[in-house]
Amino acid sequence: MSATEINTPTRIFRRVAPAPLTLAAGAIAALMLLPLAAIVWLAFTSDLSSLAHLATTVLPGAARRTFWLLLLNGLITGVVGVMTAWLVVSFDFPFRRLLSSLLVLPLAMPIYLAAYAFGEFLDFTGPVQTLYRSIFGFQSARDYYFPDIRSLGGAVLVMSAVLYPYVYLTARAVFAMQGRNAAEVARTLGAGRWRVLRRVQFPMARPAIIVGVTLVLMESLNDIGAVQYLGVNTLTFSIYETWLNRGDLGGAAQLSAIMLVFVLGLILLERLARRNQRYATSRASGEAARQRLAGAKAALATLSCTIPVVIGFLVPALVLLDFALKRLDDFASARLLEALVTSITVSGLAAIVAVIFGLTLAYAVRSHASPRTRSLARLASLGYAIPGTVLAIGVLIPLAGLDNWTDGLMRASFGISTGLVLSGSGLAIVYACTARFLAMAEGSVDSGFQKLSPNLDMAARTLGRTPLKALFAVLLPNMRPALWTAALLVFIETLKELSATILLRPFNFNTLATLVYEDASRAEVESASVPAIIIILAGLIPVLLVSRSMDRRS
């Protein structure tokens with residue numbers, strides 16, 4: 001072996017990287033893209049008269065409401081997320097450090113739970129209107145005007161209050177990374193803090209802010225529980241209604257195909273923003289010195305960072321907790337325990353499958369970092385942007401077809417009916433959640449791989465280990481934290497998932513999320529509070545991990 005070959009071992013190992021990894025990555029990508037292909041196929045093969053009817057009766061209103069919902073959510077979350085991030089990074093005021101962590105808490109609150117809680121909190125019999133009537137002496141609802149929470153404005157309030165942390169996290173990270181190299185240099189040239197934000201910090205952070213807003217829009221599109229409860233018929237709810245209430249699967253697939261156009265636009269916007277997100281910072285730059293605020297300015301900064309936490313987390317959490325404390329016996333009910341076991345089983349299976357797939361994709365990219373392998377990994381992770389309602393239709397079509405084919409074969413060969421083994425069980429939910437949350441698992445595993453030196457792979461290979469043996473003997477023992485994090489994230493997100501679960505669940509099959517949905521649909525939010533509290537407590541785990549990571553970086 002020549003000296004040149006000795007000095008470039010990385011290239012040697014990547015050239016001889018095993019084909020099975022690339023094939024496995026391709027198989028995973030195909031499996032994750034199958035639901036999208038099934039939607040497109042059904043949309044184009046179904047009767048177009050159904051689409052013509054929907055285009056005149058359903059689509060215009062649903063598209064208009066969806067547009068305004070996304071636009072207002074994007075604007076409000078953008079403003080709240082950017083301003084709170086700027087305040088905690090640039091200024092020092094009372095409770096700043098505590099608030100910088102608490103501002104992430106609304107991520108633990110699923111949108112549909114916040115909607116149910118606000119519906120009770122702002123209802124005629126709720127504490128707000130009751131206090132309002134007692135102060136002004138009103139006797140009935142006809143004596144005064146009060147905004148209706150069950151409206152487009154109510155949906156915007158609930159969603160923006162819960163989703164702003166996506167923008168806050170991305171904006172805060174970028175503002176902190178800019179450090180003294182940007183903000184302090186502008187300050188020395190005489191620019192004030194506000195001008196530095198407008199002329200320096202915001203333009204540099206724009207790509208990251210776009211990524212955060214795009215995530216907000218994707219989550220807004222995914223929601224079905226909140227918009228149904230608040231009476232806002234979006235495209236997502238129209239798909240649900242067309243499928244279940246009208247029995248028109250073809251029409252639902254056609255609406256899903258139209259929504260996919262919106263989703264692809266959001267994906268392209270996010271990819272473009274990520275590609276443009278480049279910064280040059282020195283290792284010693286650190287965070288810019290914070291300006292200490294006092295008096296009214298300090299109080300205003302504290303209040304500005306407190307209000308989003310109160311609206312986005314404390315109010316809905318306290319409303320549901322108050323209901324739950326009045327129904328302590330429900331924590332031991334058979335109905336709740338059965339739903340809890342079902343949720344743990346489905347979420348655990350989805351977490352295991354997603355971690356295995358994510359590990360395969362990330363290791364394929366690490367071992368054979370070709371454009372083709374990277375493209376396969378990106379394609380396999382597209383499900384994170386697809387609304388759960390759309391994924392549910394895409395999952396049902398191939399699984400139902402496979403069930404029918406298997407049942408026909410078994411009937412013809414052995415006279416045995418296998419029934420709906422795949423589409424009539426929780427496996428369909430596991431498939432949908434794996435496709436939706438694979439990006440989380442792959443991202444966490446890939447981050448773990450990036451912390452390991454490539455020299456570990458090369459040392460194992462020079463000692464005669466195959467790539468598979470090197471993975472299990474050398475890399476995975478050092479990857480346990482990343483693997484556990486990936487599994488935890490997928491587990492919690494599957495536990496909270498409602499849109500796909502409500503459409504794919506068999507009869508008498510309830511998770512905690514569907515249990516909450518059923519009770520809230522019957523206007524029994526008090527009954528829904530007990531499983532809701534369990535979901536919120538579970539959702540706090542990854543949020544606390546994020547807060548802890550942010551504190552360590554600070």
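This passage describes the cavities, two helices and the nonpolar core of a predicted model.

Two cavities of 30 Å³ or more are present in the structure. The largest cavity encloses about 50 Å³ of space. Its lining consists of Met32, Leu33, Leu36, Leu379, Ala380, Leu382, Gly383, Ile386, Leu391 and Ala435. Two elements, helix H3 (19-45) and helix H17 (371-380), each give two or more residues to this lining. The greatest contribution to the lining of the largest cavity is that of H3, with three residues. By class, nine residues of this lining are nonpolar, one is polar and none is charged. Gly383, a member of the lining, belongs to the polar class under the scheme used here.

The second largest cavity has a volume of about 40 Å³. It is lined by Ser343, Val346, Ser347, Ile429, Thr494, Leu495, Glu497, Thr501 and Thr511. Helix H16 (334-367) and helix H22 (480-496) are the elements that supply two or more residues to the lining of the second largest cavity. H16 accounts for the largest share, three residues. The lining of the second largest cavity divides into three nonpolar, five polar and one charged residues.

The largest nonpolar core contains 168 residues, and the members that touch the most others are Phe93, Leu113, Tyr116 and Phe449. H16 provides the largest share of this core, 14 residues; H16 also gives three residues to the lining of the second largest cavity. For phenylalanine 93, contacts were computed with neighbours within four places in sequence left aside. On that basis, phenylalanine 93 is in contact with Leu87, Val88, Leu99, Leu293, Ala298, Ala301, Thr302 and Cys305.

Leu113 and Tyr116, both named above for the core, are among the buried residues of helix H7. H7 spans residues 111-121 and is mostly covered, with nine of its eleven residues buried. Besides Leu113 and Tyr116, the buried residues of H7 are Ile111, Tyr112, Ala114, Ala115, Ala117, Phe118 and Gly119.

The length of helix H18 (residues 388-414) was compared with the expected value. Because each residue adds 1.5 Å, the 27 residues of H18 should span 39 Å. The C-alpha atoms at the ends of H18 are 37 Å apart, which agrees with that expectation. Glycine 415 follows H18, and the phi of glycine 415 is positive, near 70°.

Technical notes: Residues are numbered from 1 along each chain as its sequence is written. This is a predicted model: local features need pLDDT of at least 70, side-chain atom pairs count only at pLDDT 80 or more; totals for chains, interfaces and linings use all residues. Side-chain values use heavy atoms; hydrogens and water are left out. On a 1 Å grid over the protein atoms alone, a cavity is a set of points where a 1.4 Å probe fits but cannot get out, and a pocket is an open set with protein on both sides within 12 Å along at least five of seven lines; lining residues have an atom within 4 Å of a point. Grid points are joined across faces, edges and corners, and a volume is the space filled by probe spheres set on the points. Helices (H or I, at least four residues) and strands (E, at least two) are DSSP runs, numbered from the N terminus. Buried means under 20% relative accessible area, exposed over 50%, partly exposed in between (1.4 Å probe, protein chains only). The expected span of a helix is 1.5 Å times one less than its number of residues. A nonpolar core is a set of buried Ala, Val, Leu, Ile, Met, Phe, Trp, Tyr and Cys residues joined through side-chain atoms within 4.5 Å. Contact means heavy atoms within 4.5 Å.
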